[in-house]
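Reader: I have a model open on my screen, and I would like to know what stands behind the words people use for it. Could you take me through them?

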Amino acid sequence: FAEAITLTDVAREAGLSRFHFCRLFHHETGVPFRDYLHDLRVTRAKALLADRYLRVTEIAYSVGFNDLSNFHRTFRRVVGRSPGEYRRSLQSA
């Protein structure tokens, strides 16, 4: 999940069309593939944010996001706060 993964690559590996893979994945997991992948990446990022010596940029790239703004937007959508806000909440707990 931390590498550059495209839906096309995953569907090809499974031997399915993109459409059929998406439909089966959603049926089996209850969530779209993209949301599942983002949840995995954000879960890992949350664990890494506990290490205050790692920069947010380093964390974003290490969990598979290609740009920082996409990481911030996705993290906020999934967690409800920015990576920095999340990190501060860990330090005050």
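Author: Gladly; here is how each label is earned, term by term. This is a predicted model, so local features need pLDDT of at least 70 and side-chain atom pairs count only at pLDDT 80 or more, while totals for chains, interfaces and linings use all residues. Residues are numbered from 1 along each chain as its sequence is written, and side-chain values use heavy atoms, with hydrogens and water left out.

Reader: What makes the pattern of this protein α-α-α-α-α-α?

Author: The protein has six helices and zero strands. Helices here are DSSP runs of H or I with at least four residues, strands are runs of E with at least two, and both are numbered from the N terminus. Read along the sequence, that gives α-α-α-α-α-α. The C-alpha trace spans about 45 × 20 × 20 Å along its principal axes.

Reader: Why are Phe-21 and Phe-33 called an edge-to-face pair?

Author: Ring centres of Phe, Tyr and Trp (its six-membered ring) must lie within 6.5 Å to pair; planes under 30 degrees apart are stacked, over 60 edge-to-face, and the rest tilted. Phe-21 and Phe-33 are 5.6 Å apart centre to centre, with 75 degrees between the planes, so they meet both the distance limit and the edge-to-face angle. Phe-21 lies in helix H2 (residues 18-29) and Phe-33 in helix H3 (residues 33-48), so the pair ties together parts that are 12 residues apart in sequence.

Reader: What makes Phe-25 and Tyr-36 an edge-to-face pair?

Author: Their ring centres are 5.3 Å apart and their planes make 70 degrees, so the label follows from the cut-offs just given. Phe-25 is in helix H2 and Tyr-36 in helix H3, so this pair links parts 11 residues apart in sequence. Phe-21, Phe-25, Phe-33 and Tyr-36 form one aromatic cluster, and the search of the whole structure finds seven aromatic pairs.

Reader: Is Phe-25 buried or exposed, and what about Tyr-36?

Author: Buried means under 20% relative accessible area, exposed means over 50%, and partly exposed is in between (1.4 Å probe, protein chains only). Phe-25 has 15%, so Phe-25 is buried. Tyr-36 has 37%, so Tyr-36 is partly exposed. Phe-21 and Phe-33 are both buried. Of the 93 residues of the protein, 27% count as buried.

Reader: How do you know that Asp-9 and Arg-12 form a salt bridge?

Author: A salt bridge needs a side-chain nitrogen of Lys or Arg within 4 Å of a carboxyl oxygen of Asp or Glu. For Asp-9 and Arg-12 the N to O distance is 3.4 Å, so the pair qualifies. The two residues are three apart in helix H1 (residues 7-14), so about one helical turn separates them. Asp-9 is partly exposed at 33% relative accessible area, whereas Arg-12 counts as exposed at 57%.

Reader: Which other residues form a salt bridge?

Author: Arg-76 forms one with Glu-85, their closest N and O atoms being 3.7 Å apart. Arg-76 is partly exposed at 43%, and Glu-85 is partly exposed at 33%. The structure holds two salt bridges.

Reader: Why does Arg-87 have no salt bridge?

Author: The nearest side chain of opposite charge, Asp-51, is 6.1 Å away, and the salt-bridge limit is therefore not met. (Lys and Arg count as positive, Asp and Glu as negative; His and the chain ends are not counted.) Arg-87, found in helix H6 (residues 83-92), has 11% relative accessibility and so counts as buried. Contact means heavy atoms within 4.5 Å; beyond four places in sequence, Arg-87 touches residues including Leu-48, Leu-54 and Ile-59.

Reader: What makes Arg-41 count as lying over the face of Phe-65?

Author: NZ of Lys or CZ of Arg must be within 6 Å of the ring centre and within 35 degrees of the ring normal. Arg-41 is at 5.8 Å from the ring centre of Phe-65 and lies over its face.

Reader: Which residues make up the largest nonpolar core?

Author: A nonpolar core is a set of buried Ala, Val, Leu, Ile, Met, Phe, Trp, Tyr and Cys residues joined through side-chain atoms within 4.5 Å. The largest has 12 residues: Val-42, Ala-45, Leu-48, Leu-49, Val-56, Ile-59, Ala-60, Val-63, Phe-65, Phe-71, Phe-75 and Tyr-86. H3, helix H4 (56-62) and helix H5 (68-79) each give two or more residues to this core. Apart from it lies another core, of six residues, among them Ala-11, Phe-21, Phe-25 and Phe-33.
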